[in-house]
Structures are given as C-alpha cells and as structure tokens.
Amino acid sequence: MQTKTTVHAAFGKLIGQRGVIASLAALFLISFLIGYMDQRWHPVPEDGATTQVQNKNSQIERVFGPYRDAVRAGQVSAIAICAGMVFGINSLSCVFTGIGSIFILPALTSVWGAAIGRSVASLHGTTPFSVPAFVAMASLEWITYVLSASAGANIGLAFLFPKLKSGYATRREAVGRALRQTSRTYVAIGIIVVVQAIAEIFYVRAELLHGLTGVPSQPY
C-alpha cells in the first residue's frame, strides 16, 4: 500500500507543472544533441530548401521585404515595426502550440529538437561571434516552444489525471488550476518573445550590413 502511494506521489510530481516543463526541456535537449551529433557524424548535404520552406520564406519576404532598406539603415520606426511583427508571429505560434498540446501529448518536441540540432550543426559564419550570437538569439524562441508545449500538456494532463495531478477529485477544479498556471506561463512566454523579437531584428540588421538578405535569417 505504501509502495503504491509512493508511486502515485512520484507520478503526480512528474505530471505536475514543473515536472512537465522539466520533462519536455530534457526531451528537447536530448533530441537536439542527437540531431546535432548525427549531422556531425553523418552530414547530409543540403540540396536546397523544400517547397514548404520556400513558401515560408516567400511569405516572410512579402512581409519583411519592404522594410529591408530601412532596417539596414537603422531607422527606429522600421526596426520597431519589424520587431512587432516578429512578436506577433511568434506569439501566435506559441498559442497554437499550446492548444495543440492539450489534445496531443507534445511528442513533437523531440522532432523539433532533432531538426534544430541538425540545422545548428550545419551553421557557418564569417566571424567567431556570428554563429554563437545566432544560436543565443534563436534559443530564446526554442525556449518558448518548450514552455508553450508544456502549458498545453499541463491542461491536458489535468483533464486526464485530475486527482493525481492536482489533488482535486473533479476535472473542473483540476483544469481550472491548470489554466491559472498556464496563464502565468504565458506571461513568461510573452516576456521572452519580446526580448527575442528585438534581438532577432537587430541580428537581421547585422546580416543585412554583412551583405545577406535576412530571409531566411542565418549567421553572417
């Protein structure tokens, strides 16, 4: 009986808010390292962007293109507008990730991690600081992937295991608590997205000053 109680307590901690965040962060990091090492040991040449990536870049170009020269010149209004657009796009992505993770336990975190790890292993820069600065800027966005996925999973797990997760007998109470926790998580996500959006635009400006187009964003 005591063993069963201990197992339930351990499982309850695992599916608690902190446990979910830690588990998904660990899953992302492990997947990232696997993807990174796989690309290092068995490099796959890039044969050009896929149709999906090309379409994404075309959409970004239509939005960002008109501001390119102004951002390169350092116009504050253009930088602010572009940072606002990045904030809006990334915030919407975080919302969709959170909603999707309510219904499907976010195993896709491992797919993201492996793909990002492979892409990082393929990065090259012209200065010793360009790649580390690019990774530092992008890592803020990766953090929001994990947090938004954990926010959605937190709600989904509260619905599936209300008593184990929150100690509440009813799903309504457990989900209500999870929603309050999720709202606080999204406040943190919002702050990170603001910082990331500003950092990304200033990094893109550095790309432009080094002769790149900024679409897609890559180390200079």
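**View 1. Surroundings of Cys82 and Cys94 in the predicted model.** Cys82 is buried (under 20% relative accessible area with a 1.4 Å probe, protein chains only), with a relative accessible area of 1%. Cys94 is also buried, at 2%. The structure holds zero disulfides, a disulfide being a pair of cysteine sulfur atoms within 2.5 Å. For Cys82, the nearest cysteine sulfur is that of Cys94, 19 Å away. This is a predicted model, in which local features need pLDDT of at least 70, side-chain atom pairs count only at pLDDT 80 or more, and totals for chains, interfaces and linings use all residues. Residues are numbered from 1 along each chain as its sequence is written, and side-chain values use heavy atoms, with hydrogens and water left out.

**View 2. Nonpolar surface patch with Ile99.** Leu92, Val95, Phe96, Ile99 and Phe103 form this patch, with about 530 Å² of accessible area together (Shrake-Rupley method, 1.4 Å probe). Patch residues have over 30% relative accessible area and no salt bridge (a Lys or Arg side-chain nitrogen within 4 Å of an Asp or Glu carboxyl oxygen), and nonpolar side chains are joined within 5 Å, like charges within 9 Å. Ile99 lies in helix 5 (residues 76–103), helices being DSSP runs (H or I) of at least four residues. At 42% relative accessibility, Ile99 is partly exposed, the class between buried and exposed (over 50%).

**View 3. Buried residues of helix 2.** Helix 2 (residues 17–41) has 25 residues and reaches 36 Å from first to last C-alpha, close to the 36 Å expected at 1.5 Å a residue, counted for one less than its number of residues. Its buried residues include Leu24, Phe28 and Phe32.

Terms used. Helix = DSSP H or I, 4+ residues; strand = E, 2+ residues; numbered from the N terminus.
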